[in-house]
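Student: Could you take me through a close look at a single part of this model, and explain step by step how its pieces are arranged?

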Amino acid sequence: MTPTDLKKYRDILEAKRDELQNAAPARTPAIEPGSKSGDWIDHSSQESDLHVRLALKQTDSKLLRAIEEAIHRMDQGTYGICTDCENEIPNVRLDAVPWTRVCVDCKEKQSKKQ
Ligand SMILES: [Zn+2]
């Protein structure tokens with residue numbers, strides 16, 4: 001990994017991190033004043049909507065954590081190294097998932113185990 005690559009991924013990660021942090025409060029469910037939704041939306045659909053929102057939030061915080069860990073690995077100089085087999089993670093994978101910890105091989109091994 002060249003310093004130019006590292007800078008590129010750091011920019012991507014920091015931008016994504018800021019995006020997630022700024023997006024969080026905006027997701028709080030808000031009922032518009034004067035909305036008549038309660039009249040025609042039954043309770044079950046409102047509840048499932050809430051579950052979807054909660055699930056999204058959990059995914060976001062997981063992602064945020066993964067991003068923060070990736071930035072931490074950059075500071076330590078271990079970014080782009082698979083934490084499992086310790087090989088370099090190909091740039092093509094980092095382009096797709098810049099906060100990844102493992103290479104594709106190890107990722108596949110992990111998902112087979114589960
Ligand atoms: Zn690996």
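Tutor:
**From a helix residue to the metal site**

The place of Arg-93 is in helix α4, and this is a predicted model, so the values that follow are computed from predicted coordinates. With a relative accessibility of 14%, Arg-93 counts as buried, because buried is taken to mean under 20%. Once residues up to four places away in sequence are set aside, Arg-93 touches Thr-100, Val-102, Cys-103, Val-104 and Lys-107. Of these, Cys-103 leads on to the metal: Arg-93 and Cys-103 are 10 residues apart in sequence, and their C-alpha atoms are 7.6 Å apart in space.

Cys-103 is one of the protein donors of the zinc ion, which are the SG atoms of Cys-82, Cys-85, Cys-103 and Cys-106, at 2.2 to 2.3 Å from the metal. The angles among the 4 donor atoms run from 104 to 116°, and the site is tetrahedral. For comparison, the ideal angle for four tetrahedral donors is 109.5 degrees. Along the chain, the donors follow the spacing C-x2-C-x17-C-x2-C. Cys-85 lies in the loop between α3 (43-76) and α4 (91-96), whereas Cys-106 belongs to helix α5 (residues 104-113), so this pair ties together parts that are 21 residues apart in sequence. As for accessibility, Cys-85 counts as partly exposed at 32%, while Cys-106, at 3%, counts as buried.

Another arginine, Arg-73, lies in helix α3. Arg-73 is buried yet has no salt bridge, and the nearest side chain of opposite charge, that of Glu-69, is 4.4 Å away; the absence follows because a salt bridge is counted only within 4 Å. Leaving out neighbours within four places in sequence, Arg-73 is in contact with Thr-78, Tyr-79, Thr-83, Trp-99, Thr-100 and Arg-101. Thr-100 is thus named among the contacts of Arg-73 and also among those of Arg-93.

Tyr-79, one of the contacts of Arg-73, brings in the aromatic rings, for which the count comes to 1 aromatic pair. That pair is formed by Tyr-9 and Tyr-79 and is tilted, with 6.0 Å from centre to centre and 50° between the planes. Tyr-9 lies in helix α1 (residues 3-26) and Tyr-79 in the loop between α3 and α4, so the pair ties together parts that are 70 residues apart in sequence. Both partners are buried: Tyr-9 has a relative accessibility of 0%, and Tyr-79 has a relative accessible area of 5%.

Notes
Residues numbered from 1 in each chain as written. Predicted model: local features only at pLDDT ≥ 70, side-chain atom pairs only at ≥ 80, totals over all residues. Heavy atoms only, no water. Donors = N, O, S within 2.8 Å, 3.2 Å for Na, K, Ca; no water. Tetrahedral: all angles 85-135°; square planar, octahedral: opposite > 155°, others 65-115°. Helix = DSSP H or I, 4+ residues; strand = E, 2+ residues; numbered from the N terminus. Buried < 20%, exposed > 50% of the residue type's maximum accessible area, 1.4 Å probe, protein only. Lys, Arg positive; Asp, Glu negative; His and termini not counted. Contact = heavy atoms within 4.5 Å. Phe/Tyr/Trp six-rings, centres within 6.5 Å; stacked < 30°, edge-to-face > 60°.
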